[in-house]
Amino acid sequence: MAKELSIEEVMDRARRAQEDRIEAIRVLAEARNELDTIREDGARELAELQARISERVTSAERDDVKAYNAAVSAGWSADELRKIGFAEPDKKARTRKRAPRKNTVQASSRTPAVSTTASGLESDFKLSDDAATPQPAGV
């Protein structure tokens with residue numbers, strides 16, 4: 001015959017089962033926290049590494065452009081360098097084009113943007129600086 005369990009034994013067994021379940025949840029929570037930390041640290045380290053590599057590549061590209069320009073300055077043409085096996089650098093040195101100076105006296109003596117045509121209708125076009133090509137007003 002099976003031994004009858006007391007209320008205390010049943011409660012004790014239930015408590016142990018519950019504690020085992022809670023312990024499994026605690027272990028799972030710690031593992032997830034560790035995983036999140038590792039992912040965050042990994043993402044930060046990866047970003048730092050990518051930045052360092054990018055700086056190195058940029059520096060090497062700058063040196064390549066300088067060396068290519070030095071070869072051109074030494075008398076080599078772009079075609080000759082290409083025939084030898086040196087194409088133009090991927091990242092050519094960017095030269096800034098200066099904007100033409102605007103003379104305020106000239107700007108005030110130009111024809112206004114809105115004028116009357118031979119038909120008496122107002123036009124949305126004005127003459128450009130070279131006076132040969134009509135341009136939309138405001139351009």
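Helix 1, helix 2 and their salt bridges

At a relative accessibility of 40%, Ile53 counts as partly exposed, because that value lies between the 20% limit for buried and the 50% limit for exposed. The model is a predicted one. Ile53 is located in helix 1. Together with Leu46, Leu49 and Val57, Ile53 makes a nonpolar surface patch of about 320 Å².

Helix 1 runs over residues 7-73, which is 67 residues. At 1.5 Å a residue, these should span 99 Å, and the end C-alpha atoms are 98 Å apart, so the expected span and the distance in the model agree. Just after this helix, Gly75 takes a positive phi of about 115°. Helix 2 covers residues 78-84.

Which residues of helix 1 are buried? They are Val65, Tyr68 and Ala71. Helix 2 is included in what covers these buried residues.

The salt bridges come next. A search of the whole structure finds seven of them, among them two that involve Arg26. One joins Arg26 to Glu23, with the closest N and O atoms 2.2 Å apart. Both residues belong to helix 1 and are three residues apart, about one turn of the helix. The other joins Arg26 to Glu30, where the closest N and O atoms are 2.5 Å apart. Arg26 and Glu30 are separated by about one helical turn because they are four residues apart in helix 1.

Are the residues of these two bridges buried, partly exposed or exposed? Arg26 has a relative accessible area of 38% and is therefore partly exposed. Glu23, at 36%, is partly exposed, and Glu30 counts as partly exposed at 45%.

Helix 2 has a salt bridge as well, between Asp79 and Arg82. The closest N and O atoms of Asp79 and Arg82 are 2.7 Å apart. These residues are three apart in helix 2, so about one helical turn separates them. Asp79 counts as partly exposed at 46% relative accessibility, and Arg82 counts as partly exposed at 45%. Back in helix 1, salt bridges that share partners join Glu23, Arg26 and Glu30 into one network.

Key
Residues numbered from 1 in each chain as written. Predicted model: local features only at pLDDT ≥ 70, side-chain atom pairs only at ≥ 80, totals over all residues. Heavy atoms only, no water. Helix = DSSP H or I, 4+ residues; strand = E, 2+ residues; numbered from the N terminus. Expected span 1.5 Å × (residues − 1). Buried < 20%, exposed > 50% of the residue type's maximum accessible area, 1.4 Å probe, protein only. Contact = heavy atoms within 4.5 Å. Patch = residues over 30% accessible without salt bridge, like charges linked within 9 Å, V, L, I, M, F, W, Y side chains within 5 Å. Areas by Shrake-Rupley, 256 points an atom, 1.4 Å probe, with all protein chains shown as cover. Salt bridge = Lys/Arg side-chain N within 4 Å of Asp/Glu carboxyl O.
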